[in-house]
Amino acid sequence: MTILVTGGAGFIGANFVMDWLAAGGEPVVNYDKLTYAGNLESLASLKGNNSHVFVEGDIGNYDTALATLNQHRPRAIVNFAAESHVDRSIHSPGEFIHTNILGTYQLLEAARAYLATLNEAEKAAFRFLHVSTDEVYGSLKANDPAFRESNAYEPNSPYSASKAASDHLVRAYHHTYGLPVVTTNCSNNYGPYQFPEKLIPLMIHNALAGKKLPIYGDGMNVRDWLYVGDHCSAIRAVLDKGRLGETYNIGGWNEMPNLTVVHTLCDILDAERPRADKSSYRTLMNFVPDRPGHDRRYAIDASKIHKELGWKPAESFETGIKKTVRWYLDNQAWVGNVTSGAYRQWVAKQYQ
Ligand code: NAD
Ligand code: DAU
């Protein structure tokens, strides 16, 4: 038995593949297009491990996706593959429509064709787990209750609109064609191997380089932060015991304004890697014009997954953020490679 993971060379996907195998899961076929966000170097610890098979491919390519499914006969697909960065979606929405909407559609079609080749027992066991985001629910006011699974979808950015569309397609393929799907909607992840375009790794990267720390607007936008390992354990629980056709919100019960996140990072860096002139990293903070359409607040009510599947996060923000900063301090070579372009040259050479 195998599972097929899409987007397994990205931040959460790579963490998931490593966690899955470490937890004794069956072999993984990792299907990834290797965009700028996909880095095989993140999976270097699995080199020579036959339980990890990498296939370079686009979820939007029906033929390659179906051929991969037919060749490896997985018992589940976990779909992480997506364009994931809100700011990029504002500059260039086209890639988000291509991958998140059309790509998910082609992958669903390939899954449907593959399902038709399975026997009844295999069909009953098969799962298509779609990994989505809390951003599909839109923006909360300060005193609104946290997002529940029953909230209406109100996406505000091209990224969240494209993820919302993909969630609707996944739902429709269950109701119309009986595809055995489950969807997860998670809050902001942080941890090792996150590309330094997202808030936390960007701030660490800039701080260590002595560059300014750009804070959008007044810095009081609120996000719920979840350590990536906890997202991985939640996905394992949903894959194992999630009810078909259901959606599960995943979050850390850990709402925080961006300013608090940046202050925390600066304070940890001050302690772990003091600057030569002894000034605090906080002096690098720099307020810049706001992100267009910037959602004010996200908060996740994760009680359904807790009650039904017994899942809750293992890390607090305090423990998770310290681990994360230490990981970046210890893995500056990884950061250097993914930001210098050298990594992409390496992939071209290695996989030509
Ligand atoms: P990421 O940008 O780090 O990685 C995305 C991966 O998908 C990369 O390896 C990339 O090469 C691959 N990919 C992109 N387009 C592809 C295509 N057309 N075909 C195959 N592979 C393709 O993203 P991430 O932060 O790891 O997020 C993974 C998933 O989790 C996404 O679906 C995202 O919407 C969702 N999510 C992310 C967060 C978060 O905080 N990062 C929170 C909730 C949900
Ligand atoms: O909520 C889940 C989502 O979290 C995921 O679906 C997305 O894939 C993921 O990118 C993330 O989206 P955000 O837009 O919340 O994450 P980002 O790290 O880009 O920004 C977090 C907050 O920090 C947000 O309020 C914008 C702010 N920010 C971000 C950057 C990059 C800044 O103030 N300055 C910055 O330079």
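The following paragraphs describe the surroundings of two ligands, two internal cavities and two residues with unusual backbone angles in a predicted model.

Ligand 1 is a suitable starting point. Around ligand 1 there are 28 residues, of which Ile12, Asp32, Ser84, Tyr159 and Lys163 come nearest. Several polar contacts to ligand 1 involve the protein backbone. A backbone N or O atom of Gly10 is placed 2.9 Å from an oxygen atom of ligand 1, and a polar backbone atom of Asn189 is likewise 2.9 Å from an oxygen atom of this ligand. For Lys33, a backbone N or O atom lies 3.1 Å from a nitrogen atom of ligand 1. On its own, ligand 1 has 840 Å² of accessible area, and the protein covers 97% of it. Two or more residues of the shell are contributed by each of helix H1 (11–22), S5, H6 and strand S7 (188–190). Strand S5 provides the largest share, with 3 residues. In terms of residue class, the shell around ligand 1 consists of 12 nonpolar, 12 polar and 4 charged residues.

Attention now turns to ligand 2. The residues around ligand 2 number 24, and Thr133, Asp134, Tyr159, Arg291 and His294 come nearest. Tyr159 is thus named among the nearest residues of ligand 1 and also among those of ligand 2. Ser84, one of the residues nearest to ligand 1, has a backbone N or O atom 2.7 Å from an oxygen atom of ligand 2. Side chains take part as well: a polar side-chain atom of Asn188 lies 2.7 Å from an oxygen atom of ligand 2, and a polar side-chain atom of Arg223 lies 2.9 Å from an oxygen atom of that ligand. Taken alone, ligand 2 exposes 690 Å², of which the protein buries 94%. Helix H3 (86–91), helix H7 (199–208) and strand S8 (213–216) are the elements that each give two or more residues to this shell. The largest share, 3 residues, is that of S8. The shell around ligand 2 comprises 9 nonpolar, 8 polar and 7 charged residues.

Beyond the ligand shells, the structure holds 2 cavities of 30 Å³ or more. The largest cavity contains about 70 Å³ of space. Its lining includes Val86, Ile90, Glu135, Ser157 and Tyr298, together with Arg223, Arg291 and His294. Arg223 was met above through its side-chain contact with ligand 2, while Arg291 and His294 are among the residues that come nearest to that ligand. The lining of the largest cavity divides into 4 nonpolar, 4 polar and 4 charged residues.

The second largest cavity has a volume of about 40 Å³. Among its lining residues are Asn79, Phe80, Asn100, His130 and Lys163, and Lys163 is also one of the residues nearest to ligand 1. The lining of the second largest cavity comprises 4 nonpolar, 5 polar and 1 charged residues.

Finally, two loop residues deserve inspection for their backbone geometry. Arg73 is found between helix H2 (62–72) and strand S4 (76–79); its phi is near 50°, a positive value in a residue other than glycine. With a relative accessibility of 35%, Arg73 counts as partly exposed. Trp253 lies in the loop between strand S10 (247–250) and strand S11 (255–257), and its phi is also positive, near 50°. Trp253 is classed as exposed because its relative accessible area is 55%, the cut-off for that class being over 50%.

Conventions:
Residues are numbered from 1 along each chain as its sequence is written. Chains are lettered from A and ligands numbered from 1 in the order in which they are written. This is a predicted model: local features need pLDDT of at least 70, side-chain atom pairs count only at pLDDT 80 or more; totals for chains, interfaces and linings use all residues. Side-chain values use heavy atoms; hydrogens and water are left out. A residue is near a molecule or strand if one of its heavy atoms lies within 4 Å of it. A polar contact is a pair of N or O atoms within 3.5 Å; within protein, one must be able to donate a hydrogen and the other to accept it, and residues adjacent in sequence count only if both atoms are side-chain atoms. Accessible areas come from the Shrake-Rupley method with a 1.4 Å probe; for residues, only the protein chains shown count as cover. Helices (H or I, at least four residues) and strands (E, at least two) are DSSP runs, numbered from the N terminus. Ala, Val, Leu, Ile, Met, Phe, Trp, Tyr, Cys and Pro count as nonpolar, Asp, Glu, Lys and Arg as charged, and the others, Gly among them, as polar. On a 1 Å grid over the protein atoms alone, a cavity is a set of points where a 1.4 Å probe fits but cannot get out, and a pocket is an open set with protein on both sides within 12 Å along at least five of seven lines; lining residues have an atom within 4 Å of a point. Grid points are joined across faces, edges and corners, and a volume is the space filled by probe spheres set on the points. Buried means under 20% relative accessible area, exposed over 50%, partly exposed in between (1.4 Å probe, protein chains only).
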